[in-house]
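User: I have a model open and would like to go through some of its details. Please keep the answers short and end each on the value or name I ask for.

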Amino acid sequence: MTRKASAFALLSAAAVALALGPDSTFAAPAPSTDKPCVSTSSGASPSTTTSAGYSGAEQSSTGSPLPTTTAGSGGPSGSYGGGGGSGTTSATTPSSASSTSSAAAACSATAVPLATGSLAPDYFAFAGSSDVSYVATTQPGALYSVGFTAAAAAPLGGFPALVTVVAAPANCSADITATLASFAAIDDVWSKDFLANTLLWAGACGDTWLADAAAGLQGAGYKSVFTLSPSNTYAATGGSYVALAPTTNTTTVRSGPFVYVPTTTAELHLAPVYRVYADPQYAFTSGLFARAPAAADASAQSFAQAALGSPDGEGAAAVGVPVPSRLYFGAATTARPLEGLRVAVKDIYDVAGVKTGCGSRAYYALYPAARESSVVVKRLLAAGAVVVGKTKTSQFANGESPTADWVDQLCPFNPRGEGYQGPSSSSSGSGAAMAAYDWLDSAVGSDTGGSIRGPAGVQGIYGIRPSQDAVSLTGVMPLAASMDTAGYFARTPELFRQIGETFYADSQVVLASASSQDQASTLLLPSDLWSSYYSANGTFTSKTAAGKIFDGFLGSLVKFLGAKVDRTSFATSWTAANVSTASLSSYLNVTYPVIIGKYQYDNLAVPFINDYKNKTGGKTPFIDPVPIVRWGWAVAQGEAVYIDNLARKQAFTDFLSKSIFPASSTQCSQNYLLYPQSAGSTSYRNAYLSTPSIPSGFSSGRIANLGAVPEIVIPIGQVLYNSTISAAEVAALPVTISVLARKGCDLALLKLAEELGKAGIVSKVLTGPTAFAV
């Protein structure tokens, strides 16, 4: 298959040499004449695996033609839910190798070098079959090296030679076909391309396993087989295998796809491989490569920005996102509960070695790369998570709409429906990526006024705005310290809870041991928040599809919890509390815009603008219309109004803790408050809205951020609609519900979502146009 000309359009061979630097000692070896391959059982001409040149060398290198080879795989079983991503071809499982002729004849094929370029120092790109793109790293800290007694790896050929490492399974099963089938089931990076060469490591299973596994590969037609024996005694039989006697510690030998890197020493160097995924939703600012940690502490990991063009040729603004093989990571442990979890991070969080852009080209250009990751990122890394990229945010995390507000960046595309609905903001990129890509397991966002909850609602995914101050925001761009929170997205209720156990571990605010706490005994369904669906006395009045979904879910929830329902209006509760004679809508009308506008102007805008002027000889940076309007209006209100509204916010927080979520000696939160988050309504991204204005008023979406309490969004269904973008298309948009609890009861809410999943009341959501099967 011929590669698309647009793949890795940003890469150039000359840039690789530049990236390596003048001190690079790596030299591309001469191509090998050894050509391991297998023939198809039908005798058809095999396809050819493509490999890459290096350091700008337009060289040929031997590939390994494989029968019916495709790259990628279906969703993994028993893993974090990644797999062949959007637009990914499904793999033929390796079990088909057993039908390959055991008398596979040697064949000759010339690999086609892929143009490589300015990825990051010590990285190179190459292509697999079926137009799948990969990158690998030769950075010393990442090389997987095993010493051996002689330079017996010469048959591997010239750089780059693809290698599959198979470490003996715990049960010492020698069924190599089953082992390879498991690789395809759990990993979207490994493919049969990497069976060009196979390296077997016996570990504790000994030489008997090694001999049986090698024979199994030979019987399947794979000729280029190498073995590592801990006893150094295993001898190849019949000249079919090359036995490498290891001389260094091999206790950390791991399975997976690698690229052989030749050296002049008696060592076998294998470079880890990343698969490059396209970003057709324009959700990412860049993909990231992990650098070797500077210390044993995993949270000290630093990163390099991956200058990768989209492998699917999505356009100059689309990037490629590299993800490592899932086979590199072991089972989750108590110390590393998120082992191998692929995470994207909103571009307001500092990531060591990478610039933070905050949705502003001027801000990105002005400041250097972060020296240290934010506390949130450090916590994820320490738990074993893998940060694969940074996602777009509306500028400085202010709420923006796609048609006119996003000036410095192209707004990410919501994948739901016909694909032209707004993604909500400001965690737009994280939300869109989670709704679109099943190769991504979770994404970090932030929520000040709805920036997690809005994207979760319109894209039908799980999302949490935590209790105020649940986790440190050191290393995160501020909007308003009194309301800023760090949240995240997930697609399954199980993982939603699991991440939270790590995300909010050791929090001074979030209460621990949620598993031992009873769930709420009362569901608050304030009549003024549910007036579109129920009368004041609770009679269901809605005739809409969304209304029926809400009513069905609430009925199931009441039964599941054995809870009673309280429909007292929110306005009535406010009046009864005697906080103020003013109504809620009047008392808190400008509280949110005053606080965010004034705080961000003082703490971000002023230092940023001054720094920019100092560096550019007095020029002012470009700012999107929305933050300009918000900053200008808030500053004009004056300091006294700002202080007054901080007091109003605190009064509302106190009202919630006393009247809505009173303390309980037996429950973390005796009440849960629920309101509709999204009802499958359209919000077309090609609709021109009014000019920017301040986000005044009070609504259900302001309760959590003004009241400092946690809120989760749960997807519960979807409704069909007739798209105005594609007149003939009937599409679906999500229906979601919000659940709020007492401050500190974040884990209880996450436990609720998980338990509802186990009970079959809620479920995993899909990626792509629909959150659920139609």
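User: How far apart are the sulfur atoms of Cys-668 and Cys-745?

Analyst: This is a predicted model, and the distance is computed from its atoms. A disulfide is a pair of cysteine sulfur atoms within 2.5 Å. Cys-668 and Cys-745 form a disulfide, and their sulfur atoms are separated by 2.0 Å.

User: Which parts of the chain does the disulfide of Cys-668 and Cys-745 link, and how many residues apart are they?

Analyst: Cys-668 sits in the loop between helix H14 (639–660) and strand S20 (671–679). Cys-745 is in the loop between strand S22 (730–740) and H16. The pair links distant parts of the chain, with a separation of 77 residues.

User: Is the disulfide of Cys-668 and Cys-745 left-handed or right-handed?

Analyst: The torsion about the S-S bond of Cys-668 and Cys-745 is about -105°. The disulfide is therefore left-handed.

User: Are Cys-668 and Cys-745 buried or exposed?

Analyst: Buried means under 20% relative accessible area. Cys-668 has 7% relative accessibility and so falls under that limit. The relative accessible area of Cys-745 is 1%, so Cys-745 also counts as buried.

User: How many disulfides does the count come to, and which cysteine is the partner of Cys-172?

Analyst: The count comes to two disulfides. One of them is the bond of Cys-668 and Cys-745. In the other, the sulfur atoms are 2.0 Å apart, and the partner of Cys-172 is Cys-205.

User: Where do Cys-172 and Cys-205 lie, and how many residues apart are the parts that the pair ties together?

Analyst: Cys-172 is in the loop between strand S4 (161–167) and helix H2 (176–186). Cys-205 belongs to the loop between strand S5 (198–201) and helix H3 (206–219). The parts tied together by the pair are therefore separated in sequence by 33 residues.

User: What is the torsion about the S-S bond of Cys-172 and Cys-205?

Analyst: The disulfide of Cys-172 and Cys-205 is left-handed. That follows because its S-S torsion is about -85°.

User: Is Cys-172 buried, partly exposed or exposed?

Analyst: Its partner Cys-205 is buried, with a relative accessible area of 17%. Cys-172 has a relative accessible area of 35%. Partly exposed lies between the 20% and 50% limits, so Cys-172 is partly exposed.

User: Which residues does Leu-673 touch, leaving aside neighbours within four places in sequence, and is Leu-673 buried or exposed?

Analyst: Leu-673 is placed in strand S20. Its contacts are Leu-524, Pro-526, Leu-529, Phe-570, Ile-660, Phe-661, Ile-703, Ser-738, Val-739 and Leu-740. With a relative accessible area of 0%, Leu-673 is buried.

User: What distance separates the C-alpha atoms of Leu-673 and Asp-566?

Analyst: Leu-673 and Asp-566 are 107 residues apart along the chain. In space, their C-alpha atoms are separated by 9.4 Å.

User: Which backbone oxygen lies 2.6 Å from a polar atom of the side chain of Ser-428?

Analyst: Ser-428 is in helix H6 (residues 428–436) and is buried, with a relative accessible area of 0%. Not counting residues up to four places away in sequence, Ser-428 touches Lys-392, Trp-406, Pro-412 and Pro-423. The backbone oxygen at 2.6 Å from its side chain is that of Ser-424.

User: How far apart in space are Pro-625 and Thr-691, C-alpha to C-alpha?

Analyst: Pro-625 is part of helix H13 (residues 625–637) and is partly exposed at 31% relative accessibility. Beyond four places in sequence, Pro-625 touches Asp-405, Val-407 and Pro-692. Pro-625 and Thr-691 are 66 residues apart in sequence, and their C-alpha distance is 8.6 Å.

User: What is the area of the nonpolar surface patch that includes Val-774?

Analyst: Val-774 lies in the segment after helix H16 (746–758) and is exposed, with a relative accessible area of 79%. The patch is made by Leu-720, Val-730 and Val-774, and its area is about 340 Å².

User: What share of the residues in the protein chain is buried?

Analyst: The protein chain has 16 helices and 22 strands. Its accessible surface comes to about 27800 Å², and 53% of that belongs to carbon and sulfur atoms. Of the 774 residues, the buried share is 57%.

Terms used. Residues numbered from 1 in each chain as written. Predicted model: local features only at pLDDT ≥ 70, side-chain atom pairs only at ≥ 80, totals over all residues. Heavy atoms only, no water. Patch = residues over 30% accessible without salt bridge, like charges linked within 9 Å, V, L, I, M, F, W, Y side chains within 5 Å. Areas by Shrake-Rupley, 256 points an atom, 1.4 Å probe, with all protein chains shown as cover. Salt bridge = Lys/Arg side-chain N within 4 Å of Asp/Glu carboxyl O. Helix = DSSP H or I, 4+ residues; strand = E, 2+ residues; numbered from the N terminus. Buried < 20%, exposed > 50% of the residue type's maximum accessible area, 1.4 Å probe, protein only. Polar contact = N/O pair within 3.5 Å; in protein donor to acceptor, adjacent residues only side chain to side chain. Contact = heavy atoms within 4.5 Å.
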